[in-house]
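Biologist: Please give me a close look at the surroundings of the ligand in this model. Take in a few other positions along the way, if they help to place things.

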Amino acid sequence: MTTAEPRVALITGAGRGIGAAIATRLHESGHRVALLDRDGHAVTGLSHTLDPGGTGTALPLRADVDDTDAVRAALRETAATWHAPDILVNNAARTTPGSVWDIELDEWDAVLTTNLRSVLTLTRLCAPAMRDRGWGRVVNLSSLAGQQGGTLAGAHYSAAKAGVLVLTKVFARELAAYGVTVNAVAPAAVDTPAVVGLGPSVVSEAARHIPVGRMGRPSEVAGLVAYLTSEEGGYVTGATFDINGGTHMR
Ligand SMILES: NC(=O)c1ccc[n+]([C@@H]2O[C@H](COP(=O)([O-])OP(=O)(O)OC[C@H]3O[C@@H](n4cnc5c(N)ncnc54)[C@H](O)[C@@H]3O)[C@@H](O)[C@H]2O)c1
């Protein structure tokens with residue numbers, strides 16, 4: 001599938017899991033993809049997979065979203081290679097599961113920094129060029145945990161993901177008049193290394209309660225992001241899209 005208009009898409013946390021699937025899908029759609037991850041090896045590998053002939057359609061960027069200077073440098077490299085991103089997918093996130101009573105405050109700050117503050121910094125750095133161009137798409141990865149207060153990934157993770165939903169609406173209002181949409185996607189139990197890492201008993205117990213009867217696939221989340229970043233997605237903004245196999249219906 002090729003789009004009418006190829007865009008420049010920057011995906012954070014593109015090294016594996018959902019981020020890699022989104023990058024793959026957007027690349028298949030004909031977009032040039034800037035693959036940002038703190039794991040430089042992973043994004044270099046993905047760029048070779050996507051663009052084996054080295055035609056210049058995939059750019060690996062080693063950067064930590066916590067480090068604003070490193071993010072600025074990655075954006076400069078993207079602009080020098082193509083131009084400032086038309087599409088931004090804020091996907092990078094991390095957590096250390098633990099009880100709300102036991103989370104160290106440093107750990108709380110670290111998770112909020114990666115999972116929420118990065119959405120603020122990346123959007124503030126990327127949106128002005130989209131606004132000036134009169135076209136842009138921002139998609140933020142939230143979570144069912146941010147809607148329901150899930151405890152599996154930790155209270156810091158859930159609080160950050162709830163914050164992502166509000167920040168999505170704030171930026172959507174700010175940018176709606178300029179052809180820039182901002183939406184959130186809220187998955188649950190998608191088959192990625194992060195979830196598998198929680199252990200087989202946690203995974204099978206989680207899957208038992210999903211009406212669809214299985215975990216989600218990264219490619220299914222990527223398909224939703226492809227729609228939200230497309231031309232046809234232009235009238236959808238400030239929305240949260242549930243993609244959870246029917247676990248949470250509202
Ligand atoms: N997998 C799920 O079931 C699920 C459910 C709900 C929400 N989500 C959300 O979807 C997104 C992707 O999840 P996933 O399961 O693919 O995660 P994952 O852990 O498998 O992959 C995350 C990627 O982000 C990168 N990353 C982490 N911290 C970073 C940082 N500070 N700077 C740059 N890169 C960083 C990692 O290196 C990794 O490549 C996350 O926002 C997550 O919260 C996932």
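**The ligand and its surroundings**

Modeller: With a relative accessible area of 8%, Ser-143 counts as buried, because that value is under the 20% cut-off. This is a predicted model, and the distances below should be read with that in mind. Ser-143 lies in the loop that runs between β5 (136–141) and α5 (144–148). Its C-alpha atom is 9.1 Å from that of Val-164, although the two residues are 21 apart along the chain. Val-164 falls within the span of α6 (155–175), and α6 takes us to the ligand, since it is one of the helices that supply at least two residues of the shell.

That shell consists of 28 residues, and the closest are Asp-37, Asn-91, Tyr-157, Val-190 and Thr-192. By class, 14 of the shell residues are nonpolar, 8 are polar and 6 are charged. Besides α6, the helices α1 (17–28) and α7 (193–196) each give at least two residues to the shell. The largest share comes from α7, with 3 residues. The ligand sits in the largest pocket.

Now the polar contacts. Tyr-157 places an N or O atom of its side chain 2.5 Å from an oxygen atom of the ligand. Thr-192 also uses its side chain: a polar atom there lies 2.5 Å from a ligand oxygen. Ala-189 makes its approach through the backbone, where an N or O atom is 3.3 Å from an oxygen of the ligand. On its own the ligand has 830 Å² of accessible area, and the protein covers 93% of that.

Ala-189 deserves a second look for its backbone geometry. It is located in the loop between β6 (180–187) and α7. Most residues other than glycine have a negative phi. Ala-189, by contrast, has a positive phi, near 45 degrees. It is partly exposed, because its relative accessible area of 23% lies between the limits of 20% and 50%.

Asn-91, listed above among the residues closest to the ligand, leads to a further set of contacts. Its backbone nitrogen is 2.8 Å from a polar atom in the side chain of Thr-12. The side chain of Thr-12 also reaches the backbone nitrogen of Ala-92, at 2.9 Å. Thr-12 belongs to strand β1 (residues 8–12). It is buried, because its relative accessible area of 2% is under 20%. In other words, a residue in β1 has side-chain contacts with the backbone at Asn-91 and Ala-92, and Asn-91 in turn is part of the shell around the ligand.

One more position, for orientation, is Ala-73 in helix α3 (residues 68–81). Ala-73 is partly exposed, at 33% relative accessibility. Its C-alpha atom and that of Arg-62 are separated by 9.9 Å, with the two positions 11 residues apart in chain numbering.

Note on methods
Residues numbered from 1 in each chain as written. Predicted model: local features only at pLDDT ≥ 70, side-chain atom pairs only at ≥ 80, totals over all residues. Heavy atoms only, no water. Near = heavy atom within 4 Å. Polar contact = N/O pair within 3.5 Å; in protein donor to acceptor, adjacent residues only side chain to side chain. Areas by Shrake-Rupley, 256 points an atom, 1.4 Å probe, with all protein chains shown as cover. 1 Å grid on protein atoms, 1.4 Å probe; cavity = no way out; pocket = protein on both sides within 12 Å on 5 of 7 lines; lining within 4 Å. Sits in = over half its atoms within 2 Å of the grid points. Helix = DSSP H or I, 4+ residues; strand = E, 2+ residues; numbered from the N terminus. Nonpolar A, V, L, I, M, F, W, Y, C, P; charged D, E, K, R; others polar. Buried < 20%, exposed > 50% of the residue type's maximum accessible area, 1.4 Å probe, protein only.
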